[in-house]
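Here are a few exercises to work through with the model open beside you. Try each task yourself before you read its solution.

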Amino acid sequence: MQNKAKKDLTSKTTDETSALELMEFTMAGNSYGINVAKVTEIMRYSPVTPMTQSHPCVDGVFKPRGNLVTVINLPRYMRLKESETPDYDMLMITNFDNVSAAFLVHTVEGMHRIKWSNVERPSEIVYGNNDSVVTGTTKIDGKIITIVDFEKVLYDINPETGLQIAEVTRMGIRENTSKPVVVVEDSVFLRRMLLQALEAAGYTNITSFDNGQDAWDYLAKCRTECKDNIVPVENKVSIVITDIEMPRMDGHHLTRLIKSDEILSKVPVVVFSSLIDDTQKQQGQQIGVNAHLTKPQIGKLVEVIDSCIL
């Protein structure tokens with residue numbers, strides 16, 4: 001009976017993955033998406049005050065409800081045709097990574113609730129790889145919706161919003177460690193920066209994935225090799241660092257699988273996400289997340305990893 005339970009666990013699919021609430025918007029006649037949790041307000045385009053020496057994709061600033069917000073022209077950033085009637089454009093006001101910004105788009109179509117398992121990884125042939133601004137695609141009512149990597153957009157506009165490797169260098173000289181670290185992050189851009197920062201912190205044995213399902217497949221193989229304590233689990237994976245919102249399987253579902261496995265449950269799981277609020281923390285604590293950190297706190301992340309495995 002115990003062996004059957006283990007088999008059932010490793011064969012679980014993403015059907016148990018939590019749902020994504022996706023806001024659909026359009027630019028140049030194409031459909032795009034953003035996690036609703038990142039959006040605080042939708043409003044009609046409002047006149048902005050231009051700023052000198054600003055990024056070419058920054059239209060300027062405006063002050064809704066007394067708060068100064070930067071307006072980013074998303075069609076211009078993505079090299080799409082801009083609206084001929086800008087007064088009818090829309091502004092999506094967002095807040096993530098502790099940064100507020102307004103993204104100009106052409107229309108906002110509404111919200112969809114879908115499973116993360118219905119979000120596919122972006123095609124490298126269509127969207128490129130190293131500098132892709134797309135984290136996933138999904139199909140709703142026969143329509144392809146492209147999910148935009150808004151963290152990358154913000155970083156390209158203002159690099160100060162991204163991970164700062166200088167936080168690691170300020171820690172001083174660190175010894176290298178070969179303890180195995182697993183990183184799960186769907187953004188090509190953020191994953192690359194995260195790996196660079198961790199390598200600078202002395203972690204030389206890092207395995208990375210762009211979605212929770214591939215990460216779980218890898219961990220399931222590790223648990224098989226660690227069966228009957230032939231190989232200590234910490235020799236295969238000493239810690240898992242995961243985002244929450246990812247194609248195929250989200251970070252919370254991945255954590256649930258890890259923590260419900262008698263072999264892998266001792267592995268620390270750190271959620272490193274742009275969407276950390278009290279609700280997310282409560283959900284994570286219920287399923288066994290060891291720590292929650294908001295991007296781009298890379299220095300704090302290194303400290304947490306050190307405390308967990310060194």
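## Exercise 1: A pair within one helix

Lys152 has a relative accessibility of 7%, which makes this residue buried. Keep in mind that the model is a predicted one.

**Task.** Find out which residue meets the side chain of Lys152 in a salt bridge, and work out how the two are placed in helix H4.

**Solution.**
1. The partner is Asp156, with an N to O distance of 2.8 Å. A salt bridge needs these atoms within 4 Å, so the pair qualifies.
2. Both residues belong to helix H4 (residues 150-157), and because they are four residues apart, about one helical turn separates them.
3. Now compare surroundings: Asp156 is partly exposed at 29% relative accessibility, whereas Lys152 is buried at 7%.

## Exercise 2: Pairs across the sequence

**Task.** Asp306 forms a salt bridge with Arg174; decide whether each partner is buried or partly exposed, and say which parts of the chain they tie together.

**Solution.**
1. The closest N and O atoms of Asp306 and Arg174 are 2.9 Å apart.
2. Asp306 sits in helix H10 (residues 298-309), while Arg174 is in the loop between helix H5 (166-169) and strand E11 (181-184), so the bridge ties together parts 132 residues apart in sequence.
3. With a relative accessible area of 17%, Asp306 is buried, because the cut-off for buried is under 20%. Arg174 is partly exposed at 23%.

**Task.** Which residue forms a salt bridge with Arg248, and which network do they belong to?

**Solution.**
1. Arg248 pairs with Asp214, the closest N and O atoms being 2.8 Å apart.
2. This pair links distant parts of the chain, 34 residues apart: Arg248 is in the loop between strand E13 (239-242) and helix H8 (251-259), and Asp214 is in helix H7 (residues 212-225).
3. Arg248 is partly exposed, with a relative accessible area of 24%, and Asp214 is partly exposed too, at 22%.
4. A network of salt bridges links Arg121, Asp210, Asp214 and Arg248. The count for the model comes to 17 salt bridges.

## Exercise 3: The sheet and its helix

**Task.** Trace the open sheet of five strands and find which strands lie at the edges.

**Solution.**
1. The strand order is E3-E6-E7-E5-E4, with mixed pairing.
2. Strand E3 (39-44) and strand E4 (58-62) are the edge strands, as each pairs on one side only.
3. From one strand to the next, the twist averages 25°.
4. Strand E6 (residues 90-96) and strand E7 (residues 99-105) are antiparallel and share seven bridges; the bridge partner of Thr94 is Ala101 in E7.
5. Helix H4 packs on this sheet, touching E4, strand E5 (69-73), E6 and E7, and its direction makes about 100° with that of E7.

## Exercise 4: The nonpolar cores

**Task.** How many residues does the largest nonpolar core have, and which element gives the most to it?

**Solution.**
1. This core has 27 residues, and those with the most contacts inside it are Phe25, Leu74, Phe103, Phe150 and Val153.
2. Strand E1 (19-27), strand E2 (30-35), helix H2 (74-77), E6, E7 and H4 each supply at least two residues. H4 gives the most, with four residues.
3. A second, separate core of 21 residues includes Val168, Val181, Val183 and Tyr203.
4. To finish, look at Phe103: among the residues this side chain's residue touches are Ile72, Leu74, Phe150 and Val153.

Technical notes
Residues are numbered from 1 along each chain as its sequence is written. This is a predicted model: local features need pLDDT of at least 70, side-chain atom pairs count only at pLDDT 80 or more; totals for chains, interfaces and linings use all residues. Side-chain values use heavy atoms; hydrogens and water are left out. Buried means under 20% relative accessible area, exposed over 50%, partly exposed in between (1.4 Å probe, protein chains only). Two strands pair if DSSP finds at least two bridges between them. Axes are lines fitted to C-alpha atoms, for helices over the stretch in contact, and angles run from 0 to 180 degrees between N-to-C directions. Contact means heavy atoms within 4.5 Å. A nonpolar core is a set of buried Ala, Val, Leu, Ile, Met, Phe, Trp, Tyr and Cys residues joined through side-chain atoms within 4.5 Å. Lists of a residue's contacts leave out its neighbours within four places in sequence.
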